[in-house]
Amino acid sequence: MRVVSGIQPTGKPHLGNYLGAIVNYVKLQDEAQAAGGECFIFLADLHALSQPHNPNELSQNTREMVATLVACGVNPSKTVLFNQAQVPAHAELQWLLNGTARMGWLNRMTQWKDKAGKNREGQSVALFTYPVLQAADVLLYQATHVPVGEDQKQHLELARDIAQKFNNDFCPEDAPLFTLPEPYIPPAAARIMSLRDGTAKMSKSDPSEMSRISLTDDADTVMKKVKKAKTDPEPLPSEEAGLDNRAEAKNLVGIYGALTGTNTSDILAEFGGQGFGAFKPALGELLVETLRPINARFMELKDDQEALDAILARGAAQAREHGIPTLNATYTALGLVRG
Ligand code: TYM
């Protein structure tokens with residue numbers, strides 16, 4: 001069992017990142033350890049170059065993201081925790097896989113289409129080739145499980161396509177080089193939506209702070225954001241079907257379910273018939289209780305730059321070591337001569 005996943009250190013991590021991905025980093029880190037496997041979690045700082053960025057903010061955010069992940073339960077003695085920039089094999093393998101990835105595949109990526117919009121010519125090449133780096137990230141460690149939210153599913157399908165084509169083109173049939181990675185997507189929290197618009201995903205890049213709960217928000221801010229979350233005037237339904245076409249209500253019930261591990265029908269059995277005036281404070285309290293220990297731990301860690309850098313340096317050394325066999329085998333399979 002090889003668990004591999006990444007998160008971009010751009011902006012503050014939010015509830016969507018937490019429920020969609022980070023909770024499963026922690027769950028799978030423990031499962032991997034119990035199974036004698038490994039877990040690699042990295043900060044995708046190289047991916048952050050695909051959009052205009054401020055270098056000072058990037059290094060600051062990278063350290064804060066380490067502190068957040070550790071505060072959420074990612075344990076550097078169980079997980080190899082590092083940033084891509086300290087493991088050159090990610091960028092190297094991306095280049096080697098660029099010969100296998102097809103323009104048509106990348107052109108079909110919805111993230112590329114959404115982010116580029118009508119201005120494709122003005123985008124960085126990095127935004128276009130971003131999914132090839134993501135494929136390199138997971139294939140380098142022969143990932144079996146990749147915990148992600150649903151928005152990353154298409155990128156992982158692309159990673160599988162690249163792996164399969166490379167294995168077909170350059171490896172003997174009985175000795176494929178790359179393992180095909182499987183996405184690990186939580187059914188209840190695959191896609192947490194914006195608090196301001198139930199049809200848009202909760203995102204670090206949304207200009208409105210009110211659209212998301214940041215993992216470092218204090219209790220008052222959390223309560224305020226939940227109370228101001230967009231809803232409709234109807235009370236909650238008693239049956240699940242009553243949430244159809246009520247995107248905002250469905251999202252809030254979904255968040256409640258993901259936090260408590262209860263299913264929608266049980267939540268509606270409790271809150272059906274009640275208005276948001278009753279449901280929102282209950283949800284707000286639940287969020288505050290969930291985030292309280294994360295917040296406290298984050299505050300302890302965030303200013304200890306030395307400790308955070310030491311975690312990254314140690315993780316990077318381990319990651320470099322683990323990546324060597326696959327990187328070397330890729331050079332060899334491609335017929336590249338290295339002294
Ligand atoms: P990023 O930084 O946008 O998000 C990190 C993780 O959070 C998940 N996520 C969500 N899940 C549910 N609801 C949401 N609203 C929501 N928003 C974000 C994402 O699916 C992701 O799992 N390209 C990736 C980083 C990456 C990566 C990788 C991931 C680079 N290389 C290799 C896996 C494997 C990204 O930008 O995630």
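Reader: How many cavities of 30 Å³ or more does the count come to?

Author: The count comes to three. Please keep in mind that this is a predicted model.

Reader: What makes a space a cavity and not a pocket?

Author: A space is called a cavity because a 1.4 Å probe fits there but cannot get out, whereas a pocket is an open set of points. The largest space of the closed kind here has a volume of about 60 Å³, and the three that are counted have 30 Å³ or more.

Reader: How do you know that Met 65 and Phe 298 line the largest cavity?

Author: A lining residue has an atom within 4 Å of a point of the space. Met 65 and Phe 298 are listed in the lining, together with Gly 11, Lys 12, Pro 13, Asn 61, Glu 64, Thr 68 and Thr 216. Helix α2 (residues 55-72) gives the largest share of this lining, with four residues.

Reader: Why are some residues of that lining called charged, and how many are there?

Author: Asp, Glu, Lys and Arg count as charged, and Lys 12 and Glu 64 are in the lining, so these are the two charged residues. Alongside them stand three nonpolar and four polar residues.

Reader: What makes the pair between Lys 204 and the ligand a polar contact?

Author: A polar side-chain atom of Lys 204 lies 2.8 Å from an oxygen atom of the ligand. The cut-off for a pair of N or O atoms is 3.5 Å, so the pair qualifies. Two backbones can be judged likewise: an N or O atom of Gly 149 is 2.8 Å from a ligand oxygen, and a polar atom of Met 202 is 3.0 Å from a ligand nitrogen.

Reader: How much of the ligand's own accessible area does the protein cover?

Author: The cover is 96% of the 710 Å² that the ligand has on its own. Around the ligand there are 28 residues, of which Tyr 130, Asp 137, Asp 151, Ile 192 and Lys 204 come nearest. By class, this shell has twelve nonpolar, eleven polar and five charged residues.

Reader: Which element gives the most to the lining of the second largest pocket?

Author: That is α9, with eight residues; α9 (247-260) and α10 (264-271) are the elements that give two or more. The second largest pocket holds about 350 Å³ of space. Its lining has 22 residues, and Ala 188, Lys 250, Asn 251, Val 253 and Gly 254 lie nearest the centre.

Definitions and conventions
Residues are numbered from 1 along each chain as its sequence is written. This is a predicted model: local features need pLDDT of at least 70, side-chain atom pairs count only at pLDDT 80 or more; totals for chains, interfaces and linings use all residues. Side-chain values use heavy atoms; hydrogens and water are left out. On a 1 Å grid over the protein atoms alone, a cavity is a set of points where a 1.4 Å probe fits but cannot get out, and a pocket is an open set with protein on both sides within 12 Å along at least five of seven lines; lining residues have an atom within 4 Å of a point. Grid points are joined across faces, edges and corners, and a volume is the space filled by probe spheres set on the points. A residue is near a molecule or strand if one of its heavy atoms lies within 4 Å of it. A polar contact is a pair of N or O atoms within 3.5 Å; within protein, one must be able to donate a hydrogen and the other to accept it, and residues adjacent in sequence count only if both atoms are side-chain atoms. Accessible areas come from the Shrake-Rupley method with a 1.4 Å probe; for residues, only the protein chains shown count as cover.
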